[in-house]
Amino acid sequence: QKANEWKVTLAQQTIGTTFENGDINKPKSARTASSLLYEGKLQGNVLHHLIDEEIKMIRNMQLLTMPEEANVVEQVRNEYDDILKRQQRMKGTVSSEDVSDLMNDFVGKAIHKNFHPDHGRFVMLRQFGRDLRHDKIHLTEEEFVPAMHLENLFYNHFDNEGEFCVGEIRKVARETFSMITEDVPGPSDAIIEDVVNNDNDRVRMGTTLSKTLHHRRSICDHPIFASGLSQWQSLLELSLSMKHPNATNRVWTSGLTDGGLHNLFLGEDQMWAFDLGEPSLEPIPAFLTKFLMSFFHALGMEEDEKGDWVVRFEQAEGKLRPTAATKKLFPQIVHSFNITVDRLIKELFGGEEEVRTLLLRYVVTQLISDAAFCIEKWKTKGGGDESRSDHQKNLEKWLWRALWDVYASEELRRLYLTRLIMVKQRGMRDLGSTGNL
């Protein structure tokens, strides 16, 4: 596929087509899970059907995984211990470029892709902000507004030679966005301290997170939001601290590189997973990253009647405000997301609550990473290049989508800090609502 530059995704509609009553003359296209999400139908029985199929797919991957391939956690721990010893001898940090492929795969390849000091996505975001500030990027009229807000996010508080912290977006989020969760308090010291205390309570109850995760006092250092260029270590430590075998044992992914809702066709009886790439071995929480982050990420890819992506914001008093349709849909998505995580925790990870923190860390990191991906795609298609961009149409959609990914990550941060997301829900779930495929 890669060698021949085949665009296999063009075959999605055909692959997702079923036939009513076996009649080839009555084709019926299966719905992507993301299209059901846009319509507010990914809830009730439809949502549980999706979760059933996702769990079934993962269990099938476990069956396809050779016994000698599954458990490498001790190898990763030993390698990381060597890194810590080297770090102590050097009295400094160890670069992510020194991480082996084995260790990188253990966290779903997130270390090299995001934290590399030279060509990682987080460094790219910082450079993009600098280039915008210094007028090194050509913008069309349609690109100016989203680019202005991206500059505000990625230059003002990320333009330093030290740590790059995704959590620092909070400092400019209120300058950039009017949040759906306006009534949710910001990350005051009291809230952060409460998060830290809760983490320490779990430690005292027997949770053995690495000591470096025990005494967080900065939002940048909290396991959920630690994304400094040296903070690949906290991500790895978090992944190694899980207890249930399913949280650390690897599965063979069968080449399913992106299991997001937009790449899943959901029929009445089964699910088709699409977007094939190179097979890999990685733990289940890492594999679930694209699936879970797409509950929010997919909103940036909804198509309007013209086939263009829906812009999720409107400009108001210098800020970006979510549209009315987005405000209406977002709480439903949070509810469906929580139900999904509850079932995954219960049925795949034996009820180990600490896995929630790891899952959210993956999701928040991947949302920011995908913002960088969108900017890379914008550049590849001619964005920022005066000789090429004026010949391309609708390239600004990639900048709007990048903004949506950043916005979604900020909403998740706020909801997490106030215990409105990723926390096991009390009482029975609302399973009464249904949707039609």
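## Worked exercises on helix packing and burial

Helices H14 and H15 pass each other in a right-handed crossing, a crossing being right-handed if the near helix is turned clockwise from the far one by less than a right angle, and left-handed if anticlockwise. The model is predicted, so local features need pLDDT of at least 70 and side-chain atom pairs count only at pLDDT 80 or more, while totals for chains, interfaces and linings use all residues. Residues are numbered from 1 along each chain as its sequence is written, and side-chain values use heavy atoms, with hydrogens and water left out.

**Exercise 1. Describe how helix H14 packs against helix H15, and state which residues make the contact.**

Step 1. Two packed helices are described by the angle between their axes and the distance between the axes. Helices (H or I, at least four residues) and strands (E, at least two) are DSSP runs numbered from the N terminus, and axes are lines fitted to C-alpha atoms, for helices over the stretch in contact, with angles from 0 to 180 degrees between N-to-C directions.

Step 2. H14 covers residues 284-297 and H15 residues 324-348, and the two pack at an angle of about 165° with their axes 10 Å apart. That angle makes H14 roughly antiparallel to H15 (under 35 degrees counts as roughly parallel, over 145 as roughly antiparallel, 65 to 115 as roughly perpendicular and the rest as oblique).

Step 3. Contact means heavy atoms within 4.5 Å. On the H14 side the contact is made by Ile 284, Leu 288, Phe 291, Leu 292, Phe 295 and Phe 296, and on the H15 side by Phe 330, Ile 333, Val 334, Ser 336, Phe 337, Thr 340, Val 341, Leu 344 and Leu 348.

Step 4. These contact residues divide into 13 nonpolar, two polar and no charged, where Ala, Val, Leu, Ile, Met, Phe, Trp, Tyr, Cys and Pro count as nonpolar, Asp, Glu, Lys and Arg as charged, and the others, Gly among them, as polar.

**Exercise 2. Follow the aromatic rings from Phe 295, and decide whether Phe 295 is buried or exposed.**

Step 1. Rings of Phe, Tyr and Trp (its six-membered ring) pair if their centres lie within 6.5 Å, and planes under 30 degrees apart count as stacked, over 60 as edge-to-face and the rest as tilted. A search of the whole structure finds 14 such pairs.

Step 2. Phe 295 and Phe 337 form an edge-to-face pair, 5.9 Å centre to centre with 75° between the planes. This pair links distant parts of the chain, since Phe 295 lies in H14 and Phe 337 in H15, 42 residues apart.

Step 3. Buried means under 20% relative accessible area, exposed over 50%, and partly exposed in between (1.4 Å probe, protein chains only). Phe 295, at 0% relative accessibility, therefore counts as buried, and Phe 337, at 1%, is buried as well.

Step 4. The rings of Phe 330 and Trp 404 have centres 6.4 Å apart and planes at 80°, so this pair is edge-to-face. Here Phe 330 of H15 is linked to Trp 404 of helix H18 (residues 396-417), 74 residues away.

Step 5. One aromatic cluster is formed by Phe 291, Phe 295, Phe 296, Phe 313, Phe 330, Phe 337, Trp 400, Trp 404 and Tyr 407.

**Exercise 3. Place Tyr 362 in its helix, list what Tyr 362 touches, and describe how H12 meets H16.**

Step 1. Tyr 362 lies in helix H16 (residues 354-380), and at 5% relative accessibility Tyr 362 counts as buried.

Step 2. Not counting residues up to four places away in sequence, Tyr 362 touches Phe 106, Val 107, Leu 235, Ser 239, Pro 285, Ala 286 and Thr 289. The C-alpha atoms of Tyr 362 and Leu 288 are separated by 8.8 Å, although the residues stand 74 apart along the chain.

Step 3. The axes of H12 and H16 come within 9 Å and cross at roughly 145°, and the crossing is left-handed. Ser 234, Leu 235, Leu 238 and Ser 239 of H12 meet Thr 357, Leu 358, Arg 361 and Tyr 362 of H16, a set of four nonpolar, three polar and one charged.

**Exercise 4. Explain why helix H9 is described as largely enclosed.**

Step 1. Eight of the 11 residues of H9 (residues 144-154) are buried, so the helix is largely enclosed by the rest of the structure.

Step 2. The buried residues are Pro 146, Ala 147, His 149, Leu 150, Glu 151, Asn 152, Leu 153 and Phe 154.

Step 3. For the chain as a whole, buried residues make up 54% of the 437 residues.
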